[in-house]
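Colleague: I would like a close look at one part of this model, the sheet and what sits around it. Please take me through it step by step.

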Amino acid sequence: MSVYAMVKDTSVTEAVKAALTKLISQDLVDAVLVAAKSPYSALPMPTLFANAEAMDGIDPLAPAAPFNAARQAATVSRQATGKRLALVLRPCEIRALIELVKLNQCTLENVVLIGIECLGRMENEVFLRHAAAQGDVTAEFLKNTSLQDDITRTCKMCEQFEPAHADIVMSTLGMAENSVLFASGSETGEALLKELGLSPAEKPAERETVTKQLLEKRAAFKKEVFAETSEKINSIEKFEEMIGTCLNCYNCRQACPVCYCKECVFLTDVFSARPETLLRRAQKRGSVKLPTDTSMFHLTRLSHIAHACVGCGQCSSVCPSNIPVADIFTTVAAQVQARYDYVPGRDVQEPIPYLMFEEKQKSGEPK
Amino acid sequence: MVKSMSDFQPKIIALVCNWCTYTAADLAGTSRLSYPANIRMIRMMCTGMIDPKYILKAFLDGADGVFIGGCHPGDCHYINGNLKFKKRMAGMEAIIKQFGFDENRLRLRWIGASEGPEFQHNMTDFIQTIQDMGPSPAQGIMVL
């Protein structure tokens, strides 16, 4: 059973701040990683705080995330330091972080995961436009449903807006204005909530209805996108049309939280063709488009990480050619994950499908 | 330009394990067992080292089929490389299928070192399957 607590302040951002600063001021954790505005931009960036007074700009519920912060979270939790860390993350970031734990990129030892109920993020320029027009986008976003239509295409199809696996979940759906609900998701979370001394609360009754409505809306859109995309890439020729403007900038790979290799094969000699190779290929086929191996890049990335794709949509957001990379990846990933009955980020104990095979298998034909 | 079905000669890449299928191919050769010459064989140290990108590269460069030959379960020289590869197959099949390649263009079979006739049979059968399927959809188009 979860324990619930509520914080009400002058705005949701203030309410979140009131609770999170206590984590440090009451010495419950040594540091908090949370998205915060800098003095230079309204765009919240993951920031590591060790001092409660410095946490003035934190804004984890802002509908913006310039990147999936799982990588930054993995950077600060790469090894256990003996210090206690709180990581405030979106659901897709937590899912990616869990995949990174399985890949031995970081550890959750001495880490408190604080998940936010995420109603979506806007593209950076959309968020900045709203921020310029009205100061507190976060407050406006949470109460104004028309603003919620400005979230990214991938967020609109996300059904996992409730963080799984978090010790504490912060949510606003169905809550009164300017108040945030804190729910425990584990014993650690329960103990922390008690120590924080927040006022106990009941789960608001309308939460269930609102959540269900949102879930239905998201599921319907997801189905639509999957059907549309799967039709658009059902032949290699159509796929080439989709990626025809790809520059091989590899931004999508850089933005991908689960594409974790330190040295990507596409940056090695394997894919840096020598001039004579290029000439030979051109002679053989009549022409070679440069840079080469664009299809290879996308398909290889798919074959390497489709099982772990958490559907954060950052690949689409960073594409300079506006290729719907996330549409392609989420569509194919859903099929691959279905074959392995695997859901990335579902359970930190659940092994990666490629590492699970039957040692004692009957001999004979492998199908 | 697609040739008519009858004179279509499939190009098939076979990625085979050094310890079993490659040896079986050798045995088939010394036993004078013949099969059509549509197979381009690449010797690997183990099917467990087959990165999905090797298969993708073959398909994108116009291979009509990809055959993978490994050791029978329990016989892997590296304990379980063959089973690791088998696990990768399901994902690969889903991916190539979504992009318009018949998933039967990719085939995995276990062929032991002593199974020369099985090697011959498997090659003949796979070539026939691909022959019936016709050229790969990546043939004759510009692949970026």
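Modeller: Start with a pair of residues. A:Leu33 has a bridge partner in E4(A), and that partner is A:Leu87. Keep in mind that this is a predicted model.

Now widen the view to the two strands. Strand E2 of chain A covers residues 31-38, and strand E4 of chain A covers residues 85-89. E2 and E4 of chain A run in the parallel sense, paired over three bridges. In general, strands of a sheet pair through backbone hydrogen bonds, and the pairing is either parallel or antiparallel.

Next, the whole sheet. The sheet in chain A is open and has eight strands. Read across it, the order is E3-E2-E4-E5-E6-E7-E1-E8. The pairing is mixed. Which strands form the edges? They are strand E3 (41-49) and strand E8 (199-200) of chain A, and each pairs on one side only.

Helices lie against this sheet. Take helix H1 of chain A, residues 12-25. H1 lies across E1, E2, E3, E4, E6 and E7 of chain A. Its direction is at about 40° to E7(A). Then take helix H8 of chain A, residues 187-196. H8 packs on the sheet and touches E1, E5, E6 and E7 of chain A. The direction of H8 makes about 135° with that of E7(A).

Step back to the chain. The domain assignment splits chain A into domain 1 (4-221) and domain 2 (229-353). The contact between them takes 24 residues from domain 1 and 19 residues from domain 2. On the domain 1 side, helix H2 (70-76), helix H3 (91-102) and helix H7 (153-156) of chain A each give two or more residues. H3(A) gives the largest share, nine residues. By class, the domain 1 side divides into 13 nonpolar, five polar and six charged residues. The centres of the two domains, taken over C-alpha atoms, are 29 Å apart.

Chain A also meets chain B. That contact takes 35 residues from chain A and 30 residues from chain B. What does chain B bring to its side? Helix H2 (52-60), helix H3 (81-98) and strand E4 (106-110) of chain B each supply at least two residues. H3(B) gives the most, with 11 residues. The chain B side has 17 nonpolar, six polar and seven charged residues.

Technical notes
Residues numbered from 1 in each chain as written. Chains lettered and ligands numbered in written order. Predicted model: local features only at pLDDT ≥ 70, side-chain atom pairs only at ≥ 80, totals over all residues. Domains from an automatic or database assignment. Contact = placed C-beta atoms within 7 Å. Helix = DSSP H or I, 4+ residues; strand = E, 2+ residues; numbered from the N terminus. Nonpolar A, V, L, I, M, F, W, Y, C, P; charged D, E, K, R; others polar. Pairing = 2+ DSSP bridges. Axes fitted to C-alpha atoms, helices over the stretch in contact; angles between N-to-C directions.
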